[in-house]
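Here is a friendly walk through one protein chain, meant to be read with the structure open beside you. Take a look at it first, and then we can go through it together.

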Amino acid sequence: MNRWQRSVVEIQTRKRHVNECERAQVALSKVTACFQQMSTSLGSNVDGSFLREEMEETRTVAHKICSGLHRRLLSLLMEIDQGQEDKEQVERLWVIFLSSLENFQQDLKKVKVLQEIFPLTQRKDRQALVNTGLAGGTSEVAARAAMVQTPWLSVEVTVSPDLKTHIEEIDVLLEEMLQRVNVPLWSVEPTQEAWVEGSSTPGVGQEEDESLEEMMEVEVVSQNKTSGCCHHHNCKIGCLLCLLS
C-alpha cells in the first residue's frame, strides 16, 4: 500500500470513528435521560425492587457507553492535527460529553441519597414510601433504555462499579478529561443558535404578534367607547345617552 492509499484509509477510518462517537453521544443522552426519569420515582408509591433493578441495568449501560466514548474521543484528540477538518467537530463532542458526565453524576448522587433514605431492604420499609398519587410504573422507560445500542461492534467488557464507586470514578474521569486534553471550553462554538427548537418561524411569529396587537387595539377602543357609561341595569336614560354619543 502506497502513501496515498494509506492516507485515504486513515482518513476514512478516522471519519468512521468520529461518526461512531456522535452516535454514542446520542445513545448516552437517551440512556441518561431514562435514568433521570426513573430516579424521580424513587421513594414514591411506585418504587420497588423492579425499579431498583431496572435502574441498575440502565446505569450499567451508561457506564459502558461512557467508558468506550471516553477512550475513543481521547484517542481522536491526542492524534489530532491543527489543520484537520474534523477538529472542531471532535472538540465539540468532547465538551458535550463533559457536560453529559457532570449531569449524570448529579443524578447518581441524588439516587444514592434517595436509596439511603428509602432502602427497601425489608417489606416493612414500603410503609415509609410517599404516596404521591402516581399510577403504573416505569417499565416503558426501562424498555427504552434497554433498546439503546452502542454504535461500535466490539464492546469492551467493563465491570460496572457500585453506585458510590461510580460517582468517584466520574470525578477521576472529569479531572483526566480536563488535564490530558487542552480544549478551552470558551473556544468551542455551537453549530446552531440557542433555543432554536423552541422558537417559531419568523412568518408565524409576526402573524401572532400582529394578531395580538390587533386584539389589544380592539379592546382599548371598546373600553374607550364605553368609558362614559355606568352600565347600571336601572339606568335606562344613561344607556340611551351612551348610545347616542
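In what follows, a contact means that heavy atoms lie within 4.5 Å. Lysine 112 gives a handy example: not counting residues up to four places away in sequence, it touches Leu163, Lys164 and Ile167. Please keep in mind that this is a predicted model.

## The overall fold

The protein chain has seven helices and zero strands. Reading from the N terminus, the order of elements is α-α-α-α-α-α-α. Of its 245 residues, 35% count as buried.

How are the contacts spread along the sequence? Among those between residues at least 6 apart, 84% join residues at least 24 apart.

## How confident the prediction is

The chain has a mean pLDDT of 78, and 69% of its residues reach 70 or more. Among the elements, helix α3 (residues 87-117) has the highest mean pLDDT, at 93, while helix α6 (residues 202-225) has the lowest, at 49.

Two stretches deserve a careful eye. Over residues 203-210 the pLDDT is below 50, and this stretch has one contact in the model beyond near neighbours in sequence. Over residues 218-223 the pLDDT also stays under 50, and here the model has zero contacts beyond four places in sequence.

## Two buried residues with polar partners

Let us start with histidine 63, found in helix α2 (residues 49-78). Is this residue buried or exposed? Its relative accessible area is 5%, and the cut-off for buried is under 20%, so histidine 63 counts as buried. Its side chain makes a polar contact of 2.8 Å with the side chain of glutamate 169. Leaving aside neighbours within four places in sequence, histidine 63 is in contact with Thr158, Val159, Ser160, Pro161, His166 and Glu169. Glutamate 169 therefore appears both as a polar partner and in the list of contacts of histidine 63, a residue that is buried at 5%.

Arginine 14 sits in helix α1 (residues 3-39). Arginine 14 counts as buried because its relative accessibility is 8%. Which residue does its side chain meet in a polar contact of 2.9 Å? The partner is aspartate 86, again through its side chain.

## Along helix α3

Three residues of this helix can be taken in turn. Isoleucine 96 lies in helix α3 and is partly exposed, with a relative accessible area of 39%. Its C-alpha atom is separated by 8.1 Å from that of glutamine 25, although the two are 71 residues apart along the chain. Glutamine 106 is also found in helix α3, and it is partly exposed at 48% relative accessible area. Glutamine 106 and isoleucine 167 are 61 residues apart along the chain, with 8.7 Å between their C-alpha atoms.

Lysine 112, our opening example, lies in helix α3 as well. With a relative accessible area of 27%, it is partly exposed. Isoleucine 167 turns up again here: its C-alpha atom is 9.4 Å from that of lysine 112, with their positions 55 residues apart along the chain. Isoleucine 167 is also one of the residues that lysine 112 touches.

## Two loop residues

Leucine 120 is found in the loop between α3 and α4. What is notable about its backbone? Leucine 120 has a positive phi of about 55° although it is not a glycine. Most residues other than glycine have a negative phi.

Threonine 150 has its place in the loop between α4 and α5 (163-180). It is partly exposed, with a relative accessible area of 22%. Threonine 150 and arginine 23 are 127 residues apart in sequence, yet their C-alpha atoms are 7.8 Å apart in space.

## The second largest pocket

The second largest pocket has a volume of about 150 Å³. It is lined by 13 residues, of which Gln37, Ser41, Gly137, Thr138 and Val141 are the closest to its centre.

Which helix gives the most to this lining? Helix α4 (residues 139-147) does, with four residues. By type, the lining divides into four nonpolar, seven polar and two charged residues.

Definitions and conventions. Residues are numbered from 1 along each chain as its sequence is written. This is a predicted model: local features need pLDDT of at least 70, side-chain atom pairs count only at pLDDT 80 or more; totals for chains, interfaces and linings use all residues. Side-chain values use heavy atoms; hydrogens and water are left out. On a 1 Å grid over the protein atoms alone, a cavity is a set of points where a 1.4 Å probe fits but cannot get out, and a pocket is an open set with protein on both sides within 12 Å along at least five of seven lines; lining residues have an atom within 4 Å of a point. Grid points are joined across faces, edges and corners, and a volume is the space filled by probe spheres set on the points. Ala, Val, Leu, Ile, Met, Phe, Trp, Tyr, Cys and Pro count as nonpolar, Asp, Glu, Lys and Arg as charged, and the others, Gly among them, as polar. Buried means under 20% relative accessible area, exposed over 50%, partly exposed in between (1.4 Å probe, protein chains only). A polar contact is a pair of N or O atoms within 3.5 Å; within protein, one must be able to donate a hydrogen and the other to accept it, and residues adjacent in sequence count only if both atoms are side-chain atoms. pLDDT is the predictor's confidence in each residue, from 0 to 100.
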